[in-house]
Amino acid sequence: MVKVTLKDGSVREYPPGTTCAAVAGEISPRLGREALVAAVDGRLVDLGYPLEHDAAVQFFTFDDPEGRQAFRHSTAHVLAQAVKKVFPEARLAIGPAIAGGFYYDFDVPRPFTPEQLAKIQAEMEKIVKEDLPFNRFEVTRREALDRFGAAGETYKEELINDLPEDAVISCYQQGDFTDLCAGPHVPSTGRLKAVKLTGVAGAYWRGSEKNKMLQRIYGTAFPKKSQLEEHLFRIEEAKRRDHRKLGAELDLFSIQEEGPGFPFFHPKGMVLRNELEQFWRDEHRMRGYQEIRTPIILNRALWERSGHWEHYRENMYFTRIDEADYAVKPMNCPGGILVYRSHLHSYRDLPVRLAELGLVHRHELSGVLHGLMRVRCFTQDDAHIFMLPAQIREEIIGVIDLVDYFYGVFGFNYKVELSTRPENSMGSDEIWDTATAALEEALQARGMDYKVNEGDGAFYGPKIDFHLEDCLGRTWQCGTIQLDFLMPEKFDLTYVGEDGQKHRPVMIHRVVFGSIERFIGILTEHFAGAFPVWLAPVQVKVLPIAGRHLDYAREVGRRLEAGGIRVELDERNEKVNYKIREAQAQKIPYMLVIGDREAASGAVSVRHRSGGDLGSFSVDDFLARVQEEIRSKAL
RNA sequence: GCUGGUGUGGCUCAGGGGUAGAGCAGCGCACUCGUAAUGCGCAGGCCGUCGGUUCGAAUCCGACCACCAGCUCCA
């Protein structure tokens, strides 16, 4: 008998050769139905895998990342099968599972049309109905090359050739279709109940624009129709919340042909922005930062010295002034460094925390521009901290606390990533190791979970990234903390130590919002334009019912304004229903309906954008309520 | 930058070789109205830009620009 150890530690015995599927079914009928793949001693396998030796076995359903991946990946195979049936001349590239679905790349003479996509999807549904088993078999390198070579699958041949020497080469076959694949796969196509092809796009073979452009079909799949529908609804919801659409509707900002990637902020967008900046300034002042502002254009020598000329030139804009070369700053650090260097520093002064809301310009490829999320000029809520090496840990922890506090104010959860040395970088391995270790230490001291991204750091140092999660579960990189031993060296920064000698300070670059512009985009989508009262461009809209209520409505407006509320009065000769509809569409938090009753009693009738009619309030009570909501930054 | 798509009044969109239309928004008038659209009227566009084909181009062709979906890249 074979001893099988399950996840809960229990041990069961089975005759040798029993499949994982049989074990799952024996544990519970439900697990038998829902299990998609298994892990034997930590190695992912198909459910058909026979157990010949004692092993630890674990099962995965669609609710586990492993199960979900296999599910989507299996669907990608069905897609490939369907495409080969409809377009036998198509050559197969790769087809992995991705977050939210899967894709498969094909080399076809012309792009797929939406009609063809529908046809392919219909073919996929047929294959699902046939409930074909996924069969795994192993082949030698020679056999694999012969098989796919004969089929004219040149991309597969390339993949096979790139496999490591000792790799086990496996294929999966369902019906008349066979694909090179490591697996694992779900037992049969019948499991793939709810499949939807969501789009087509060009994509380069192996992601390099030097290679041929293939046609990528995106899709997603779920075990239940209802799950698919919910997923599609979420996508619709994301579209409805698109900050570009809301930005125009709420009149926050615009991007015009005259400045692609250079956003214009309208009055209402500026209110939002100024609130964010004021909050930022207050918090930074309280935490010992001093604010500075450095020029946007600085001369070439500075950028050569900082290393940007060599490492960042492709992203920079240049100009000439009086026969000399200048660059528009893509980062604020050199400016901050010049401020630090403008006078001598004692070790007693450190840490020096210089904060700057700095407007930077970066040349981004035209195709990547996207509303406020990807632009060519943006404002970083930057700060550079100059400190003693002994202060590193504490300073980093201070920044982590700050970021944690900020995101909490907006109701965001976040994830942390640590990025290490990239290829095109400056400095010695030793310096990088020290810096990376310092970041890691601070994260551990703060007890944070984090993921490591090898080779993803800045060219001057490793970094901690904060990815915040919005209400649709999407993540956005905002805050970063970058430790830098190199700039202080390059700019010969010093402080005078206890011993009267000059010493080298260490530097931190950090942002919390990241880019104010992007942050506003994220907030817009997160709140679907219904900003918390403290951020709302218009906090209260006063709606007189008829002309005779105008005087009192104006008085209410004045009193609220005097109380520091951003209030607007709708004086137009329109019905109150109409005014409400418009104020709702503008997502204004509070609407005050003013009619005979209110004018007579000196009250206001309060309607909340989501809470509806809240009844009658005295002006003072209402004012106090809104003021408290603003003060507490209530969500 | 690359692949595919789109470009008509502020917005959403119809039209399509004979010189431009609707709804909403705007403006005017009437209605004086109680929690998501009152009615009537008026005005507004060299149909993204440049070039070509044609007796004639918003319409067909080409180039460019911008935008959209992706690729790649990043705050």
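The legends below accompany several close-up views of a predicted model of chain A with RNA strand B.

**Figure 1. Overview of chain A, with its overall dimensions and secondary structure.** In this predicted model, the C-alpha atoms of chain A fill a box of roughly 85 × 75 × 55 Å along the principal axes, and the secondary structure comes to 20 helices and 35 strands. Of the 635 residues of chain A, 51% count as buried. When contacts between residues at least 6 apart in sequence are considered, 69% of them join residues at least 24 apart.

**Figure 2. Two spans of chain A that carry domain annotations in UniProt.** The unreviewed UniProt entry assigns "domain: TGS" to residues 1–61, a span that is 23% helix and 41% strand in the model, with its end C-alpha atoms 27 Å apart. The annotation "domain: Aminoacyl-transfer RNA synthetases class-II family profile", likewise from an unreviewed entry, covers residues 266–532. In the model, the span 266–532 is 34% helix and 29% strand, and its end C-alpha atoms lie 19 Å apart.

**Figure 3. The protein surface near RNA strand B.** The surface near RNA strand B has 19 nonpolar, 14 polar and 18 charged residues, and of the 51 residues around the strand, Tyr204, Asn573, Lys575, Arg581 and Glu598 come nearest. The elements that each supply at least two residues of this surface are β14 (194–204), β15 (213–222), β27 (475–484), α18 (576–585), α19 (596–601) and β34 (603–608). Helix α18 gives the most, with six residues. On the RNA side, 49% of the strand B atoms within 4 Å of the protein belong to sugar or phosphate, and the rest belong to bases.

**Figure 4. Polar contacts from protein side chains to the phosphate and bases of RNA strand B.** An N or O atom in the side chain of Arg244 is 2.8 Å from a phosphate oxygen of RNA strand B. The bases are reached by other side chains: an N or O atom of the Arg581 side chain is 2.4 Å from a base nitrogen of the strand, and for the Gln584 side chain the corresponding distance to a base nitrogen is 3.0 Å.

**Figure 5. Helix α9 and the elements against which its buried residues pack.** Helix α9 (residues 267–286) has 20 residues and reaches 28 Å from its first C-alpha to its last, close to the 28 Å expected at 1.5 Å a residue. Its buried residues are Gly269, Leu272, Arg273, Glu275, Leu276, Glu277, Phe279, Trp280, Glu283 and His284. These buried residues pack against the strands β17 (264–265), β22 (352–361), β23 (377–387) and β30 (506–515), as well as the helices α13 (392–409) and α16 (516–526). The helix is followed by Gly288, which has a positive phi near 85°.

**Figure 6. Surroundings of the buried residue Ser306 in helix α10.** Ser306 lies in helix α10 (residues 300–306) and counts as buried because its relative accessible area is 0%. Its side chain reaches the backbone oxygen of Trp303 at 3.1 Å. With residues up to four places away in sequence left out, Ser306 touches Pro334, Met426, Phe459, Met487, Lys490 and Phe491.

**Figure 7. The loop residue Glu153 and its contacts.** Glu153 is found in the loop between α5 (141–150) and α6 (154–162), yet it counts as buried because its relative accessibility is 4%. Not counting residues up to four places away in sequence, Glu153 touches Lys84, Ala90, Arg91, Leu92 and Phe148. Of these, Ala90 is 63 residues from Glu153 in sequence, with 9.0 Å between the two C-alpha atoms.

**Figure 8. Backbone geometry at Pro351, Asp131 and Asp251.** Most residues other than glycine have a negative phi, and most peptide bonds are trans. The peptide bond from Leu350 to Pro351 is cis, with omega near 0°, and Pro351 is found in the loop between α12 (333–340) and β22. Asp131, in the loop between α4 (114–130) and β11 (135–139), has a positive phi of about 50° although it is not a glycine, and it is partly exposed, with a relative accessible area of 39%. Asp251, in the loop between α8 (243–249) and β16 (253–254), has a positive phi of about 60° and is partly exposed, with a relative accessible area of 36%.

Definitions and conventions
Residues numbered from 1 in each chain as written. Chains lettered and ligands numbered in written order. Predicted model: local features only at pLDDT ≥ 70, side-chain atom pairs only at ≥ 80, totals over all residues. Heavy atoms only, no water. Near = heavy atom within 4 Å. Polar contact = N/O pair within 3.5 Å; in protein donor to acceptor, adjacent residues only side chain to side chain. Helix = DSSP H or I, 4+ residues; strand = E, 2+ residues; numbered from the N terminus. Nonpolar A, V, L, I, M, F, W, Y, C, P; charged D, E, K, R; others polar. Expected span 1.5 Å × (residues − 1). Buried < 20%, exposed > 50% of the residue type's maximum accessible area, 1.4 Å probe, protein only. Contact = heavy atoms within 4.5 Å. UniProt positions renumbered as here; feature names shortened; annotations may be inferred.
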